[in-house]
Amino acid sequence: MVSPPSSKLAELALEVQQLTSKIITNLSANQIAEPDFSVDSNSIPETPENVRLRASLNDAVLDLLRLVNGPRNDVRDLICTLYDIVAWQVACEFGFFEVVPEDGVATINEIAAKAGLDEDRVGRMMRILATDRIFEEVKKDEFRHTSRSIVFKHDKQIRDAVHYHRVDEYFKAASETLASIKQSPSAFDASNCPFVTRHGAPLFQYYQTQPQLAARFASAMAGIGRMERQFEELRDSYAWSDIPRGRKVVDIGGGNGHMAIALARKFPNLEITVQDSVEMLIQASKQDLSDLEGRVAFMQHNFFDPQPITSAYAYLLRQVTHNWSDQDCIRIFRALAPALEKSGKGTPLLINEIVLPALKTSSLYQERRLRQVDIMMMVALGARQRTEEQFRVLLEAADTRFKVSNALFRFMCLRPTKATN
Ligand SMILES: C[S@@+](CC[C@H](N)C(=O)[O-])C[C@H]1O[C@@H](n2cnc3c(N)ncnc32)[C@H](O)[C@@H]1O
């Protein structure tokens, strides 16, 4: 018998070892090779169990490192991670990910020539990225991709997501957070937020005047959705195949229709109308949907106006409410109430959102990721992520007939509240 560890550090190290062993066992049971840093490395499959193990492992590893590094060392990181972001900005803006070949190396000289920059700064940016295993300097002045950098070469949507967050619209808005709070110390909404302080207009209005940036935003949204396997979550959280043929689902604020299209491809019974602004519908019209034989249609609609489709089987609001303040969410719910009533008793309003966990019900690692999105919503839109309780309060305030389950209107949070789901 191994005697139990007598120190906190040993306890955490043991936990790390046990969790890692479980991941290795799962991989070998499924004959999947372990990940490494090579460009053709496997990733660990996103099964519910692996997601749970990963969250616990991150909690244990991070606590171990926090204790070992100590608060004074961490202050140094707090100061200096800003300069990691600088390197990301240069790499994204000047196309470093695209310039380095997939199966070979690029010299600093070659990257500098293609990016149109001096060699000195290219080398310094590449080297700081390489300390995080984003690229590897295989020989002096020669870099190749790693598993952590190749994703940005392969996937334009993910590149777009990093670009507007780390380099462009959101990064610039985030730097105005204090100015925005000082302008409006106790109230925030779509018109009172750092994005408006920086860019001069609320986010969705701003994108209406910036078609190229709007296209990048739509592309990034699709990339983030794929990365987090949000489609699989949506697909598995509702009995879509039970919806009778000929009955309509309305995807309100459905963007370029990427989720509706994926659902319709998966479920041949589904007919979905995607509602959004003209600008989004222009993006949507560029897609080839011939295989769907008209089962996904697009319609311009402002969700603050009364819902015009009054005979739907279900209404979906996916990642819409987190873009709006409480008062605006109440307006969105109220504008839907008459159509829900006309569509028939029990017509569900499907709300697919991140739900913030109640105190101490989640891994800190997962909670932090959710709370980062909460602050992102505050910066970009003067909005927020919500707990289940906060959703209940808003629905009740919008219309007392909203019920969280199986009443006149059904409310469904398709995204889990706990790390374990
Ligand atoms: C975060 S995106 C979510 C898109 C999509 N539901 C998804 O899950 O990917 C929010 C969407 O709301 C749309 N939107 C914003 N204001 C709107 C309004 N007043 N009426 C209709 N759509 C709106 C935006 O254009 C955007 O496509």
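User: Let's start with Phe135: is it buried or exposed?

Analyst: This is a predicted model, so keep that in mind throughout. Buried means under 20% relative accessible area. Phe135 has a relative accessible area of 1%, so it counts as buried.

User: Where does Phe135 sit, and what is its phi?

Analyst: The general idea first: most residues other than glycine have a negative phi. Phe135 goes against that habit, with a positive phi of about 70° although it is not a glycine. You'll find Phe135 in the loop that links α5 (119-130) to β2 (136-139).

User: Which other loop residue has a positive phi although it is not a glycine?

Analyst: Try Glu293, whose positive phi is about 45°. Glu293 lies in the loop between α15 (278-284) and β6 (296-300). Now use the other cut-off: exposed means over 50%. Glu293 has a relative accessible area of 71%, so it is exposed.

User: And what would a residue in between look like, say Leu67?

Analyst: Leu67 counts as partly exposed because its relative accessibility is 48%. Leu67 belongs to helix α2, which spans residues 48-93. For a sense of the fold around Leu67, pick Lys360: the two are 293 residues apart along the chain, yet their C-alpha atoms are separated by 20 Å.

User: Back to β2. Which strand does it join, and how do the two run?

Analyst: When you read a strand pair, look at the bridges and the direction. Here three bridges join β2 to β3 (residues 142-144), and the two strands run antiparallel. Going residue by residue, Glu136 stands opposite Arg144 in β3, while Glu137 has Phe143 as its bridge partner.

User: What happens at the turn of that hairpin?

Analyst: Two residues lie between the strands of the β2 and β3 hairpin, and Asp141 takes a positive phi near 70° there.

User: In what order do the strands of the sheet come?

Analyst: To read a sheet, walk across it from one edge to the other. This one is open, has three strands in the order β1-β3-β2, and pairs antiparallel. β1 (106-107) and β2 are the edge strands, each pairing on one side only.

User: Which annotation covers residues 83-147?

Analyst: An unreviewed UniProt entry carries the annotation "domain: O-methyltransferase dimerisation" for that span. In the model, residues 83-147 are 55% helix and 14% strand, and the C-alpha atoms at the ends of the span lie 22 Å apart.

User: Now the ligand. Which residues come nearest?

Analyst: Start with the shell, then go to single atoms. There are 16 residues around the ligand, and those that come nearest are Gly253, His258, Asp276, Asn302 and Arg318. By type, the shell splits into six nonpolar, eight polar and two charged residues.

User: Which atoms of His301, Asn302 and Phe303 lie by a nitrogen atom of the ligand?

Analyst: Check whether each one uses its side chain or its backbone. Asn302 brings a polar side-chain atom, 2.9 Å from a ligand nitrogen. His301 has a backbone N or O atom 3.4 Å from a nitrogen atom of the ligand, and for Phe303 a backbone N or O atom lies 3.0 Å from a ligand nitrogen.

User: How much of the ligand's accessible area does the protein cover?

Analyst: On its own the ligand has 590 Å² of accessible area, and the protein covers 92% of that.

Technical notes. Residues are numbered from 1 along each chain as its sequence is written. This is a predicted model: local features need pLDDT of at least 70, side-chain atom pairs count only at pLDDT 80 or more; totals for chains, interfaces and linings use all residues. Side-chain values use heavy atoms; hydrogens and water are left out. A residue is near a molecule or strand if one of its heavy atoms lies within 4 Å of it. A polar contact is a pair of N or O atoms within 3.5 Å; within protein, one must be able to donate a hydrogen and the other to accept it, and residues adjacent in sequence count only if both atoms are side-chain atoms. Accessible areas come from the Shrake-Rupley method with a 1.4 Å probe; for residues, only the protein chains shown count as cover. Ala, Val, Leu, Ile, Met, Phe, Trp, Tyr, Cys and Pro count as nonpolar, Asp, Glu, Lys and Arg as charged, and the others, Gly among them, as polar. UniProt positions are given in the numbering used here, feature names are shortened, and annotations may be inferred rather than shown by experiment. Helices (H or I, at least four residues) and strands (E, at least two) are DSSP runs, numbered from the N terminus. Buried means under 20% relative accessible area, exposed over 50%, partly exposed in between (1.4 Å probe, protein chains only). Two strands pair if DSSP finds at least two bridges between them.
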